[in-house]
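Colleague: I am new to reading protein models, and I would like to learn how to go from the picture to careful statements about it. Please take me through some features one by one, giving the general idea before the case.

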Amino acid sequence: MRDAEPFRIGLLGHGTVGAAFADLLSARADAVELAVGRRPEIAGVLTRSRGDFEDILERSDLIVEVIGGVEPAREYILKAIRAGRHVVSANKAVLSRHGEEIYDAAREAGIQLRFEAAVGGVVPVIRVIHETLAAAHVDRVHGIVNGTTNFILSEMSRTGASYADCLAEAQRLGYAEADPSDDVSGRDAAAKMAIIARLAFGAPVHIDEVPHEGIEALAPDDIAYAEELGLALKLVGSAERVAGGVAVRVFPTFLYAEHPLASVGGAFNAVTIESEAITEITLSGPGAGGSQTASAVLGDVISAMIPPPSAPPPAVPQPLVSDVESAFYLHLEVADRPGVLARVAEILGLQGVSVKSVVQRGLGDNARLVMVAHPVLESRFMAAVGLIGRLDFLRAPPRVIRVIEEHF
Ligand SMILES: NC(=O)c1ccc[n+]([C@@H]2O[C@H](COP(=O)([O-])OP(=O)(O)OC[C@H]3O[C@@H](n4cnc5c(N)ncnc54)[C@H](OP(=O)(O)O)[C@@H]3O)[C@@H](O)[C@H]2O)c1
């Protein structure tokens, strides 16, 4: 017996995620109807060449936005919210730029706004921070939130091949796009960390306020030396409460083998959430892919069929701190002559940098000094590196990578 009205979904976008969502919905409609009491069905599909947005909106209870990019996605999301429709989006680009406008509109309209697939694909980062941990005071989140770069770094570590060769392999296997710049520059991860920080700390964070560095300049020998020091190299997004505010950043970072993110390989994503109340939770899984992402989108649709909770509460502006303490890896190519290590140590010491471990290798007339420094304010470490970079015995510019020291 079927007496409840169907739950009508307007699908904006029918690409990798949109098409997979339509397939998954038809496969799972019976199960959803059994669980929720209403049968979800597609009321209309919008692409560049078919469908009319206003017409689809009129006929829908909920809009799924999987177009991507900023406009017209932002305009459609806001129109849907203001028309009182629930919205599910996978769009990190729009939320990391216009999150506040969208969250405000959603709260005002009293509709459900859900966006699990915008961060970490099917890994339930948003739900866990926003709902499961709503009572915990989150202190810090570290994330591997870009599968493309994690695949490339895993390949560099596994094979010893160059960045360029591993990028080409990632493109051949479909893990990287023909234009990989958003991924390899760290900008994609920066957008996701802006969204995470907003949810974890309630602070409005725009993607342009997230300092980020990519993986293009990393060399295989950084990875090889680091392995001797017990370190694994990852592109890590960090969002944390620090003295005076909140720090949100994305950098190539070394992790000790015991860190939960150190062993996350291939195209996987993983996020570690730290809070005094819960110690630490790590979530990991596939960060992208049509069917995986579609499953996160359908999960959001089902949640919206059973209200509330909804959009994040109002943001409280907090200072964004960029000069924070970190441990560092420093790689130096120097002339192999007496006094070099002592001079480097002296400069580091004058800036208050203390060295935790050192590896030294002879290379004919030259030598390679690779060291890990204890946590120190970034400005002080960089000041020391600036001075070291000017020493006459240096044979190449110093290479610096941040290190996360936590062990759990
Ligand atoms: N792919 C993934 O693995 C993945 C993972 C997590 C999150 N996401 C997010 O999911 C969203 C969709 O990604 P995708 O990979 O499915 O993208 P996609 O394959 O490029 O598909 C985009 C769809 O949107 C439609 N579209 C683009 N511009 C439009 C416009 N102006 N008006 C109407 N329709 C328009 C396209 O229409 P045509 O068919 O006419 O070109 C296409 O159907 C993005 O926000 C992305 O960041 C994707």
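Modeller: We start with the elements: helices (H or I, at least four residues) and strands (E, at least two) are runs assigned by DSSP, and they are numbered from the N terminus. In this structure, Ser379 belongs to helix 13, which covers residues 378-388. Please keep in mind that the model is predicted, that local features need pLDDT of at least 70 and side-chain atom pairs count only at pLDDT 80 or more, while totals for chains, interfaces and linings use all residues. Residues are numbered from 1 along each chain as its sequence is written, and side-chain values use heavy atoms, with hydrogens and water left out.

Colleague: Is Ser379 buried, partly exposed or exposed?

Modeller: The general idea is a pair of cut-offs on relative accessible area: buried means under 20%, exposed means over 50%, and partly exposed lies in between, with a 1.4 Å probe and protein chains only. Ser379 has a relative accessibility of 35%, so this residue counts as partly exposed. A distance helps to place Ser379 as well: its C-alpha atom is separated by 32 Å from that of Ala136, and the two residues are 243 residues apart along the chain.

Colleague: Which residues does Thr148 touch, leaving out those up to four places away in sequence?

Modeller: Contact means heavy atoms within 4.5 Å. With those sequence neighbours not counted, Thr148 touches Tyr175, Ala176 and Asp183. Thr148 sits in helix 6, residues 147-159, and it counts as buried because its relative accessible area is 8%.

Colleague: How should I read strands that lie side by side, and which strands does strand 3 pair with?

Modeller: Two strands pair if DSSP finds at least two bridges between them. Strand 3 pairs in the parallel sense with strand 1 (residues 7-12) over four bridges, and Leu12 stands opposite Glu65 of strand 3. Strand 3 also runs parallel to strand 4 (residues 86-89), to which four bridges join it, and there Val64 has Val88 as its bridge partner. The side chains of strand 3 alternate, since Leu62 and Val64 point one way and Ile63 and Glu65 the other way, and all of these are buried.

Colleague: What follows strand 3 in the chain, and where does Pro72 lie?

Modeller: Pro72 lies in the loop between strand 3 (62-65) and helix 3 (73-82). The peptide bond that leads from Glu71 to Pro72 is cis, with omega near 5°.

Colleague: How many strands form the open sheet, and in what order do they stand?

Modeller: Nine strands form this open sheet, in the order 10-9-6-7-8-14-11-13-12, and the pairing is mixed. Strand 10 (279-286) and strand 12 (355-363) stand at the edges with a single partner strand each, so one side of each has no neighbour in the sheet. To compare directions, axes are lines fitted to C-alpha atoms, for helices over the stretch in contact, and angles run from 0 to 180 degrees between N-to-C directions. Neighbouring strands of the open sheet are turned by 25° against each other on average, direction ignored.

Colleague: Please go through the strands within this sheet.

Modeller: Strand 12 pairs with strand 13 (residues 366-377) in the antiparallel sense over eight bridges, and Arg361 stands opposite Arg368 of strand 13. Strand 7 and strand 8 run antiparallel, joined by twelve bridges, and Ala232 stands opposite Leu255 of strand 8. These two strands form a hairpin with two residues between them, and Gly244 in the turn has a positive phi of about 90°. Strand 8 is parallel to strand 14, with three bridges, and the bridge partner of Thr253 is Arg402 in strand 14. Twelve of the twelve residues of strand 8 are buried, so this strand is largely enclosed by the rest of the structure.

Colleague: Which non-glycine residue in strand 10 has a positive phi?

Modeller: In strand 10 there is Thr279, which has a positive phi of about 65° although it is not a glycine. Thr279 counts as exposed because its relative accessibility is 56%.

Colleague: Which strands does helix 5 lie across?

Modeller: Helix 5 (residues 125-132) lies across strand 6 (138-144), strand 9 (268-275) and strand 10, and it runs at about 15° to strand 9. Helix 9 (residues 187-201) lies across strand 6, strand 7 (231-242) and strand 8 (245-256), running at about 40° to strand 7.
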